[in-house]
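Work through the exercises below with the sequence and the 3D view open. Each task is followed by a worked solution.

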Amino acid sequence: MSSSWEQLFFQILLLVVFCRHINTKTPGPTPPPLVSINSPLPTDIRSVVLKGESHTESVELLNPVNLTLECTWTGNQNKLPNITGFWRKDGDEVENSRLTVQLENDQYNLKRVFSIISEENLGNYSCMFESEAKIDFVLAAPHMHEVRDKPIVSYVGDSVVIVCKMEETKPKPSTWNWYKANGTDKEQIFTAAEPLRYEIKNDERKTKLVVYNLTEADGGLYYCGAVYAINTTMGLVELKVINFTEPLKPFIAITVEVIVLVVAIMFYERYQSKKNYTAGKGMNDQTNTLTQGENNEPEEGSSMRQRKV
Amino acid sequence: MTNNKPKVEGRSDEAEGPDGGWGWVLVGALFVSTSLVFGLMRSLGIFFVEFVQYFEESAQAISWISSTGLAAQQFFSPLGAALCNAYDARVVVMTGGVLAGLGLILASQATCLVHLYLTMGLISGLGWGLIFTPMVATVMAHFTRRRTLVLGLAFSSIGLSSFAFNPLFQWLVEMYAWRGALLILGGLSLNIVPCGALIHPQRHSKAPAKVDSENRSSRASVLNRVSSYLELSLLLERPYITYTLAVTLLNVGYFVPYFHLVAHSRQAGFSEYQAAFVMSAAGATDILGRIMSGWFSDLRYFRLIHLLTMWTTLAGVFIMLLPVSSLSGSYTALIGISLLYGFCSGALTSLVFAVVPMIVGVERMMGGLGLLQLIESGAGLLGTPMSGLLKDITGNYIASFMVAGSFVILGTLTMATLPHYFSCTDPLPPQRRSLDEGLHSELKLMNSVSSDKNHKGVNDLTDEVTKYPQDC
């Protein structure tokens, strides 16, 4: 009986010890969690060989994984037999990561396993060799190529289609979510709540948000989220809703210009013909009067003029 | 002053065309209208991306909009020509301008793809058809010695305006979305109306001389008049048929590089920017080719028809060389051949229309151009789908370009079968009227001599008269 109590006590103690680690969310860097024995995470390895002073490697992750990051450095001029190497996450040093690295085969080698489970574990991991050489591993979920840097414009009362795409070279997200920015935070858009206003069509790599019956309030920032097991990456699209009077202004300006030109040309012609008429009248006499009738007809119009002789 | 010698000298092809003065104003008008017709058509691609997204249709369905517009423009060309022969060129062009603008304005309100076909395609296409052929024919009638140069200058507007319109349309779409942009484009197209207003009103209709005063309203005479307005008699003449056939064959292959060059460059392994630059380079030399060929042709060292065949042969050869040059993987070779191709294709466009009055005579030029446009429209509709099909079958563009180039060469060979092709001087264009009608026309001409000097209208000939001192 007492042994089972002891076991229970021991388990509770272990649990408390673990919980202490998990629950303390210090403003400082969260130390990478210890490898949990229970859930078998897949493993992956990334290694980089550094020849110069620094290098940045992008690592795309979809699912939680036990990631081994391996840095190899060829060293500099003075190849010391021992140097210190340590790891950093997002600029802060990882606890207990400082090691003495020995020169093997003319190289320094640093390796560590990180458990990447959720969004907090993503970020910038750096392996440092004595503040001389640095290799950055940028761990992130697949990013979307910026679809549109200019805002999408649409009209009040019209509908608009906003598209977000994940490239063919990147892995497919499991699903897509849409959010509308409300001040500084985002509200998720649920089509079930307002079926007449929003419609979301999801393909594997493409998602479309259709907004019907736009109003001025619909303008603003929209976020499309590509959902992966590890994290959701956001793409940003801006929507601008304008009134139809906006393009009408330049249109009316151009139409007025056209009318002015046409009237000017007509007047110029009338003026010219009057000038020729009076000029010609002085030079010739009788033969003029015969053809005078048709001269004074208006110049425009589709009248078929027949020569009367 | 010799320019004012009336049409008694009608036997030579140098009869018409005062070659100056108001003619240059009309060249400016043609410049503006051509840029608003073809330059606009070429830059519509920017809207297509928007349409695909908004209407959720395939790119194929959307591209039919511009095909419909082009086909309508070419199909309604004889109608435009006939209306000019029957009525006034000025009114026809102004109406065309209004229709073109109206089509685009209505398109801005479209709610489905069919609306776009009907408005941007049919209505605007009808407007464009009523604009292009009449304006070209009117300008050509005003020039003789500098005809080709003037055409080259005016058609260079197509290339220049596509340079200007592409960024402009892009900006309009970003500011106002495609609806607002189309509305503004409609307004811009209305600028063709003042261009048309610059044409002097026609003094008489080109009705055929043998209009029977007795049975004026009889069906046969109406049909007779219509067929003479449309210049359908041209379809029975061998030189015209030969030339039209040659131009049709030319058109099958001519557009292929414009549609497929960028895709082919990308497939050959060059980047997006490199491929786009190839297209721009070809466009730049196109403009240059039009002006240079126009200027050179008017020096009259060679017959226009010989120059045209030279340019078409070269263009065909370069089209065939395009895939070969990119096979080697060299970017400079591709750019070089594209530049040469652009130059030759621009050079030949100046000449294609200028040769028509040589073959049919200046009087029938309007109808001749209209029919030519109609017949060559079939070639355009055939050429691009065929090259697309060849690409789908073979997997690359080599076959498409080879076939396109060979069609162009075939057109050249057809042109060589024109009568009097191998003579060193131009043959006389056929007289329109038979001998007994000829007497009537002589009478008309003599009357025009006397009335020309006294006429105070705004006819260009009389402008010349009143400008210089009178000498009977």
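**Exercise 1.** In this predicted model, find the ring over which the charged end of A:K186 sits.

Solution. Start at the charged end of A:K186 and look for the ring beneath: the ring belongs to A:Y223, and its centre is 4.5 Å away. Chain A offers another case to look up, where A:R98 lies over the face of A:F86, 4.2 Å from the ring centre.

**Exercise 2.** Classify the ring pair B:F47 and B:F51 as stacked, tilted or edge-to-face.

Solution. Begin with the total: 25 aromatic pairs occur over all chains. For B:F47 and B:F51, the ring centres are 6.2 Å apart and the planes stand at 25 degrees. Pairing needs centres within 6.5 Å, and stacking needs planes under 30 degrees apart. The pair is therefore stacked. Next, place the residues: they are four apart in helix 2 (residues 45-55) of chain B, so about one helical turn separates them. Finally, B:F47 and B:F51 are both buried.

**Exercise 3.** Do the same for B:F165 and B:F169.

Solution. The ring centres of B:F165 and B:F169 are 5.2 Å apart and the planes are at 15 degrees, so this pair is stacked. Both residues belong to helix 7 (residues 147-189) of chain B, where they are four residues apart, about one turn. To judge burial, use the cut-off of under 20% relative accessible area. B:F165 has 11% and is buried; B:F169 has 1% and is buried.

**Exercise 4.** Which residues form one aromatic cluster with B:F47?

Solution. List the members: B:F48, B:F51, B:Y54, B:F55, B:F165, B:F169 and B:W178 form one aromatic cluster with B:F47.

Terms used:
Residues numbered from 1 in each chain as written. Chains lettered and ligands numbered in written order. Predicted model: local features only at pLDDT ≥ 70, side-chain atom pairs only at ≥ 80, totals over all residues. Heavy atoms only, no water. Phe/Tyr/Trp six-rings, centres within 6.5 Å; stacked < 30°, edge-to-face > 60°. Helix = DSSP H or I, 4+ residues; strand = E, 2+ residues; numbered from the N terminus. Buried < 20%, exposed > 50% of the residue type's maximum accessible area, 1.4 Å probe, protein only. Lys NZ or Arg CZ within 6 Å of the ring centre and 35° of its normal.
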